[in-house]
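Q: Please take a close look at one part of this model with me, and show me how its strands are put together. After that, I would like to see the parts that come before it along the chain.

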Amino acid sequence: MLKIAVPNKGSLSETAAQMLHEAGYVGRRDPKELIVTDARNGVEFFYLRPRDIATYVGSGALDVGITGRDLLLDSGSTASEIASLDFAASTFRFAAPANGFTDLADLQGKRVATSYPGLVGDFLAERGVDAALIKLDGAVESAVRLGVADAVADVVETGSTLRKQGLEIFGPVILESEAVLISSPTRAAGVDTLLRRLQGVMVARQYVLVDYNLPAVLLDRAVALTPGVESPTVSPLGEPDWVAVRVMIKQDQTNRVMDDLYELGARAILVTSIHAARI
């Protein structure tokens, strides 16, 4: 059986579980369950701390897992990223007291508090900056005010939390992170099926099907508006000189495309959600 590591809590857990459910797998019913066997699909799910997943997968104890790119890189594991999963996006930056630091070189010889010493240490070492890393498990933004560190390296969304602590972002982006699918060094049988299923879920979330009718003489102009992933499906109608078109479009473009098609002369424009897909 394919052994899959799944986050048991935190920001990754709920969306990862939902993706696997939409991909046709059986999940846990009790949040206290640590192992769930899905015999029909030939997989076993192991629910673990997100920070530990890369270690288990890299050791070969588990075949594949869902975790954050940040956690993978911080772990030093030999597991490898095989696909991004399009959720849990985050950005890692340096921050320090206003007017205190302006450039990465300013961190030379300073103390930097972070929950990701492996990730941050590698980033600084690659750029020739020698700083003392202070590992904290949470509330990193308070470290400067409490005198534990001179600067911090942490996840940044709007920066408002850092500003409340009197800190400003500086220097380059450390990492753009998101949820990823990772594999052990020896890629196991069944990983490709899992990957296709998860990619199908992402496609289903991002796209919708649009059906519409229009005069055949307008087809080329309509196709220019809705080229689709590969090309539209075009079928003749009972009404002479009219055709029916079916095409996939990005979900966030739905209303604009419908407006443009109607203005062009299309009618009976219908939009349908996609439950699953293989592209």
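A: Two strands pair if DSSP finds at least two bridges between them. Strands (E, at least two residues) and helices (H or I, at least four) are DSSP runs, numbered from the N terminus. This is a predicted model, in which local features need pLDDT of at least 70, side-chain atom pairs count only at pLDDT 80 or more, and totals for chains, interfaces and linings use all residues. Residues are numbered from 1 along each chain as its sequence is written, and side-chain values use heavy atoms, leaving out hydrogens and water.

Let's begin with the part we will look at closely. An unreviewed UniProt entry gives residues 204-275 the annotation "domain: Histidine biosynthesis HisG C-terminal"; such annotations may be inferred rather than shown by experiment. Follow the chain across residues 204-275 and you will find 29% helix and 40% strand. The C-alpha atoms at the two ends of this stretch, residues 204-275, are 6 Å apart.

Now zoom in on two strands here. Strand β13 covers residues 233-236 and strand β14 covers residues 242-250. β13 and β14 are paired in the antiparallel sense, with 4 bridges between them. To find one of the contacts yourself, start at P236: its bridge partner in β14 is V243. Together β13 and β14 make a hairpin, and 5 residues lie between the two strands. Look out for D241 in the turn, where phi is positive, at about 70°.

Next, let's step back to place this part in the chain. The domain assignment (automatic or from a database) gives three pieces: domain 1 is 1-85 + 176-202, domain 2 is 88-175, and domain 3 is 206-271. Measuring from C-alpha atoms, the centres of domain 1 and domain 3 are separated by 38 Å.

Two open sheets are also worth tracing. One has 6 strands, arranged in the order β2-β3-β1-β4-β11-β5, and its pairing is mixed. At its edges stand β2 (35-38) and β5 (80-84); each has a single partner strand, so one side of each is left without a neighbour in the sheet. Inside this order you can follow β1 (residues 2-7), which runs parallel to β3 and is joined to β3 by 6 bridges. For one example, find I4 and look across to F45, its bridge partner in β3.

The other open sheet has 5 strands, and reading across gives β8-β7-β9-β6-β10, again with mixed pairing. Its edge strands are β8 (132-135) and β10 (167-177), each of which pairs on one side only. Try following β7 (residues 111-114) next: β7 pairs with β8 in the parallel sense, over 4 bridges. Here a good place to look is R111, which has A132 as its bridge partner in β8.

Finally, go back to the hairpin with these pairs in mind. The strands β13 and β14 run antiparallel, whereas β1 and β3 run parallel, as do β7 and β8.
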